[in-house]
Amino acid sequence: MSTKQTEPGSRISVRNIGGIDEADVDFEPGVTVLAGRNATNRTSLLQAIMAALGSDNVSMKGDAEEARVELAIGGETYTRTLQRRNGTIQTGGDPYLDDPTVADLFAFLLESNEARRAVVTDADLRDLIMRPVDTDEIQAEIDRLVEKRQELSEEIDELDSLKDRLPSLEEKRTRLRNQIEETTSELEALEEQIESKDADVEQSREEQAELEAKLEELRETRSDLEDVRYELETEEDSLQSLRSEKQDVEAEYDELPETPAGDLEEIESRIDTLRTRKQGLESELNELQSVIGFNQEMLEESGDEVSDALRDGDGGAGVTDELLPDDSVTCWTCGSEVDAAQIESTIEKLRSLSQETVSEINDIDDELEELKGKRRDRKDQQRQRERLDRRKRELEDEIEETEVRIERLSERREELRDEIESVEAEIEELEDDSYEEVLDLHKEANQLEYDLGTLENDLERVEDNIETIEARLEEETELETRKEAVSEEIQELRTKIERIEGQAIEAFNEHMETVLDLLEYDNLARIWLERTEKQVREGRRKVTKSVFDLHIIRQTESGTTYEDTVDHLSESEREVTGLIFALAGYLAHEVYETVPFMVLDSLEAIDANRIATLVEYVAEHSEYLVVALLPEDAANVEADRRIESF
């Protein structure tokens with residue numbers, strides 16, 4: 001049952017739609033029956049409802065230049081206008097639906113409805129169910145999420161690499177702390193010796209100050225040299241890593257298949273051409289089916305009128321018997337007397353043309369699927385090529401910048417080495433034999449202080465690295481959670497199509513079983529759909545494609561069951577099967593959430609009692625069910641509103 005709630009009752013105002021001049025009709029939630037003979041504008045009223053809801057599968061009165069429909073429902077009013085211009089009908093207004101695609105397929109179940117006719121025409125049932133699903137959009141979203149998941153995986157891999165570095169860094173930290181402690185102890189002992197020796201040596205304050213200054217300068221210069229050396233090693237490691245990554249990117253780029261220039265444009269152009277052709281064919285098909293239905297109704301109506309007129313005349317049964325075999329009718333297009341068989345032959349040719357059109361549409365659908373697959377592949381390759389090319393340029397820039405920094409650091413290293421040699425030479429000049437032992441101790445202390453500073457700097461860098469890694473590792477849980485969520489979303493999108501297929505099959509099988517039990521067809525045991533896979537060729541490759549196989553199981557009087565074909569179904573059985581297939585699509589796509597009306601006509605092939613049962617069953621799934629019936633069929637149907645004329 002529909003979950004979309006509207007205010008009780010609705011009203012539709014119609015002008016110049018189909019065969020209707022003007023009409024105002026009220027509806028109540030539930031079943032509304034339009035009772036009347038053929039050619040009494042029942043279908044025109046159904047088309048008016050469809051037009052107000054957004055469908056383009058409607059016609060205007062032949063002598064009208066414009067038409068209008070208003071639908072008041074749920075406190076809102078929706079309009080649809082039609083105008084005849086240069087032989088074509090243009091639509092306007094503000095209908096209930098922005099996109100009527102799903103409703104046209106599964107809610108507007110006139111005789112020409114494609115889903116309803118699918119069983120009879122042996123159409124691709126799976127294609128019909130999946131037509132409203134934009135598989136290209138789903139695939140594009142999957143591609144985006146896959147790229148996002150790859151980025152998250154790279155971040156997690158980086159964390160794993162950092163995690164592997166952590167034990168060695170912690171070990172280095174411990175070693176540095178021990179070395180600092182040992183060096184500090186050694187320096188303290190040496191300073192005690194210097195203090196003791198200084199007490200025995202007399203030296204001018206000026207000479208002592210100059211020497212100390214040079215020793216301090218030497219320490220600072222060596223410290224600067226150590227910093228430069230460390231930075232240089234870091235940059236050289238980084239350069240090696242960048243060059244290695246660049247080689248990997250270039251190798252991956254070279255492995256990508258060559259895409260001919262303009263190939264994607266050609267595919268896009270071909271897809272557009274096929275879609276335009278398909279739209280044209282579908283329009284032709286709708287027109288053909290409308291013409292077939294109209295002529296069939298007129299033929300039946302004309303036959304009834306001729307028979308009634310002859311039987312009501314003064315000539316009696318004998319005259320009727322003599323006149324009826326002639327089987328001629330007055331043509332409703334030219335007004336001349338035409339053999340009914342000739343008209344039936346023309347209708348049969350139109351049906352044959354309709355079948356050929358359906359077949360051509362199916363061929364176009366197959367080619368479209370193949371081209372869409374090629375387009376996805378080309379776009380994937382293009383995106384990968386662009387990503388690699390972009391990364392290659394980034395790496396080249398980073399390599400160039402790193403090489404510049406290395407060159408600058410190398411020059412700075414040489415400058416510092418020259419400075420150290422110069423300072424050492426100056427210290428040598430200040431040395432005196434009498435102070436040689438004291439100076440040696442100062443040099444040794446100076447070296448220890450330098451070593452201690454280096455160790456402390458190294459320890460600081462190691463501890464910073466450890467702290468950075470530990471902070472980054474705290475992100476691991478969040479990254480894993482985000483990656484898992486993205487993976488679930490990818491899986492959800494990848495299974496969306498299969499889920500809709502499964503829902504459609506489940507709905508069809510469940511409702512088909514129930515309806516067959518309700519309608520009590522004697523030797524029809526079961527009708528069911530099965531989802532299978534088949535290999536089809538797309539270009540030079542074979543791909544697996546889902547198909548829906550329809551199975552028909554009959555049962556003999558002795559209880560023996562066997563599988564039959566659609567061709568052997570009676571007209572009544574085919575109509576019921578087609579309607580249930582359309583209902584399965586209606587439920588799988590949850591059309592009841594967006595469309596309050598379901599319309600239905602041309603049930604004459606089903607007997608009156610079964611029509612009543614079927615209408616009652618279908619009504620459970622739509623807020624407003626409007627069905628056109630012959631008077632004798634309508635008599636058995638329980639309706640919330642019954643309209644005999646309008």
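In strand β6, Thr88 is the bridge partner of Arg85. The model shown here is predicted. Strand β5 (residues 76-85) pairs with strand β6 (residues 88-92) in the antiparallel sense, over five bridges. The points below start with these hairpins, then move to a parallel sheet, some loops and the charged residues.

**Two hairpins**

- The hairpin of β5 and β6 has two residues between its strands.
- Asn86 in this hairpin takes a positive phi near 50°.
- β5 also pairs with strand β4 (residues 66-73), again in the antiparallel sense.
- Eight bridges hold this pairing of β4 and β5.
- One bridge pair here is Ala67 with Leu82 of β5.
- β4 and β5 form a hairpin too, with two residues between them.
- Gly74 sits in the turn of that hairpin and has a positive phi of about 60°.

**An open parallel sheet**

- Five strands make up an open sheet, with parallel pairing.
- Their order is β7-β13-β14-β3-β15.
- β7 (108-109) and β15 (641-643) stand at the edges. Each has a single partner strand, so one side of each has no neighbour in the sheet.
- At one edge, β7 runs parallel to β13, and two bridges join them.
- Leu109 stands opposite Leu600 of β13.
- β13 is also joined to strand β14 (residues 624-629) by four bridges, and these strands run parallel.
- Phe597 has Tyr624 in β14 as its bridge partner.
- At the other edge, strand β3 (residues 30-35) pairs with β15 in the parallel sense over three bridges.
- Thr32 stands opposite Arg641 in β15.

**Side chains of β13**

- In a regular strand, side chains alternate between the two faces of the sheet.
- In β13, Phe597 and Val599 point one way. Met598 and Leu600 point the other way.
- Are these four side chains buried or exposed? All are buried.

**Loop residues**

- Asn16 is found in the loop between β1 (10-15) and β2 (22-27).
- Asn16 is not a glycine, yet its phi is positive, at about 65°.
- Asn16 counts as buried because its relative accessibility is 15%, and the cut-off for buried is under 20%.
- Ser602 lies in the loop between β13 (597-600) and α13 (608-618).
- Ser602 is another residue that is not a glycine but has a positive phi, here about 55°.
- With 13% relative accessibility, Ser602 counts as buried.
- Asn523 sits in the loop between α11 and β10. Asn523 is partly exposed, with a relative accessible area of 31%.
- Asn523 and Ile553 are 30 residues apart in sequence, but 8.8 Å apart in space, C-alpha to C-alpha.

**Salt bridges**

- Side chains of opposite charge can pair when their charged atoms come close.
- How many salt bridges does the structure hold? There are 47 salt bridges.
- Asp24 forms a salt bridge with Arg11, and their closest N and O atoms are 3.8 Å apart. Asp24 is in strand β2 and Arg11 in strand β1, so the pair ties together parts 13 residues apart in sequence.
- Asp24 is partly exposed at 47% relative accessible area. Arg11 is partly exposed at 36%.
- Glu245 and Arg391 meet in a salt bridge of 2.9 Å, N to O. This pair links distant parts of the chain, with Glu245 in helix α6 (residues 205-255) and Arg391 in helix α9 (residues 340-430), 146 residues apart.
- Glu245 is partly exposed at 29%, and Arg391 is partly exposed at 22%.
- Glu414 and Arg417 meet in a salt bridge of 3.2 Å, N to O. Both lie in helix α9, three residues apart, which is about one turn of the helix.
- A network of salt bridges links Glu114, Asp127, Arg131, Lys278, Glu282 and Asp365.

**Other charged residues**

- A patch of negative charge lies on the surface, where Glu506, Glu510, Glu513, Asp517, Glu520, Asp522 and Glu557 gather.
- Asp522 of this patch is in the loop between α11 (476-519) and β10 (524-538).
- Asp522 is exposed, with a relative accessible area of 80%.
- Glu460 lies in helix α10 (residues 436-473). Glu460 is partly exposed at 47%.
- Glu460 and Arg173 are 287 residues apart in sequence, but 9.0 Å apart in space, C-alpha to C-alpha.

Note on methods
Residues numbered from 1 in each chain as written. Predicted model: local features only at pLDDT ≥ 70, side-chain atom pairs only at ≥ 80, totals over all residues. Heavy atoms only, no water. Patch = residues over 30% accessible without salt bridge, like charges linked within 9 Å, V, L, I, M, F, W, Y side chains within 5 Å. Areas by Shrake-Rupley, 256 points an atom, 1.4 Å probe, with all protein chains shown as cover. Salt bridge = Lys/Arg side-chain N within 4 Å of Asp/Glu carboxyl O. Lys, Arg positive; Asp, Glu negative; His and termini not counted. Charge placed at Lys NZ, Arg CZ, Asp CG, Glu CD. Buried < 20%, exposed > 50% of the residue type's maximum accessible area, 1.4 Å probe, protein only. Pairing = 2+ DSSP bridges.
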